Amino acid sequence: TTPQVLLAIAAAEPKTKPYVRMYASRIIQRADELRQVFAAYLALYAYGVGAGAKGQKLPNSLKKGLADAFAKFSPAQLMKYDSSVRPTFRDVLRMIDRGKDRALPQALYKYLVTGELTDPSALPEVAARKALAAKSTLDDEARSLIKSSHATWEVVLSQFGNSREAWGAVLPSMGYMALLRNLRNFIEAGMDLAPIAARLSDRDEVLRSRQLPFRFYSAHEAISSAPKRNAALLRALDDALSHSVAALPRLPGVTVIASDNSGSMGSKLSAKSTVSYANAA
């Protein structure tokens, strides 16, 4: 979130305001970052939480930058990161001047702000998602709707249960990091692991994923302790870690890497992680 917070700070600083619109759509590379930038500005300058906050309104430069960034994303990308947790896309869009900076097509704007789908033909992904939500069985129609709506694995699994069939339906559309985080689930569901291992160890896939090396260590540890160990997946993770390390930027001269050994390094990387800072180091 560091780039998003810095963009919010730049929007409040007189010397950097003129550049905010120019860089906003380059900094905001994923749809949820629209909400992150907006949340950062509210916390720092609008709600009075941050030091020196003065109840400042959203600057025009940031409004226009957010409008430009909105236009980058497809309905499927916006749906993926739509949430009831505030600030929502609705909150952000209501702060943008649609008369001057129309961020989205009218049908999509209305759906995100009001939840109404007045023209299904204008938003086929949204219409497919609504049709999918009405399904109670994972039949051929549901599989087709999963594909056409670009439904995430979280949506599919919550609706149809943690089964081999549900994972099989959503697997083709899963991103690399999602694969990495669900290896134990694949094993427990009895999935065919050979194509998953092949994708995990593919050098080009690893480089596109931009995962740091410790992510592969974390996944390796997770499935090493699973009741059903899978040698092919363990080898794939070992290969992927090697690819990720080889891709790290090289500095000229001699580089020394020193690991902190203080007590705080025993802390976990996050609330749900089993990997410590010391493990990552």
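## Lys135 and its acidic partners

Lys135 is buried, its relative accessible area being 16%. In this predicted model, the side chain of Lys135 pairs with that of Glu141 in a salt bridge, with an N to O distance of 2.8 Å. Glu141 is partly exposed, at 48% relative accessibility. The pair therefore joins a buried residue, under the 20% limit, Lys135 at 16%, to a partly exposed one, Glu141 at 48%.

The pairing belongs to a network of salt bridges that links Lys135, Asp139 and Glu141.

## A salt bridge between helices H2 and H4

Across the whole structure, a search finds nine salt bridges. One of them is formed by the side chains of Asp68 and Arg21, at 2.8 Å from N to O. Asp68 belongs to helix H4 (residues 60-70) and Arg21 to helix H2 (residues 17-27), so this salt bridge ties together parts that are 47 residues apart in sequence.

Both side chains have intermediate accessibility: Asp68 is partly exposed at 29% relative accessibility, and Arg21 is likewise partly exposed at 35%.

## The Asp32 and Arg30 pair

A further salt bridge is formed between Asp32 and Arg30, whose closest N and O atoms are 2.8 Å apart. Which of these two residues is buried? Asp32 is buried, with 11% relative accessible area, whereas Arg30 is partly exposed at 39% relative accessibility. The assignment follows from the cut-off, because a residue counts as buried under 20% relative accessible area and as partly exposed between that value and 50%.

## Contacts of Lys63 in helix H4

Helix H4 also contains Lys63. Leaving aside residues up to four places away in sequence, Lys63 touches Leu58, Met95 and Ile96. For one of these contacts, the backbone separation is also available: the C-alpha atoms of Lys63 and Ile96 are 5.4 Å apart, although the two residues are separated by 33 residues along the chain.

## A nonpolar surface patch

Tyr19, Met22 and Tyr23 form a nonpolar patch on the surface, and together they have about 320 Å² of accessible area. Tyr23 is located in helix H2, the helix that also holds Arg21 of the salt bridge with Asp68. At 36% relative accessibility, Tyr23 is partly exposed. Tyr23 thus meets the accessibility condition for patch membership, because that condition requires over 30% relative accessible area.

Methods:
Residues are numbered from 1 along each chain as its sequence is written. This is a predicted model: local features need pLDDT of at least 70, side-chain atom pairs count only at pLDDT 80 or more; totals for chains, interfaces and linings use all residues. Side-chain values use heavy atoms; hydrogens and water are left out. A salt bridge is a side-chain nitrogen of Lys or Arg within 4 Å of a carboxyl oxygen of Asp or Glu. Helices (H or I, at least four residues) and strands (E, at least two) are DSSP runs, numbered from the N terminus. Buried means under 20% relative accessible area, exposed over 50%, partly exposed in between (1.4 Å probe, protein chains only). Contact means heavy atoms within 4.5 Å. Patches are made of residues with over 30% relative accessible area and no salt bridge: like charges are joined within 9 Å, nonpolar side chains (Val, Leu, Ile, Met, Phe, Trp, Tyr) within 5 Å. Accessible areas come from the Shrake-Rupley method with a 1.4 Å probe; for residues, only the protein chains shown count as cover.
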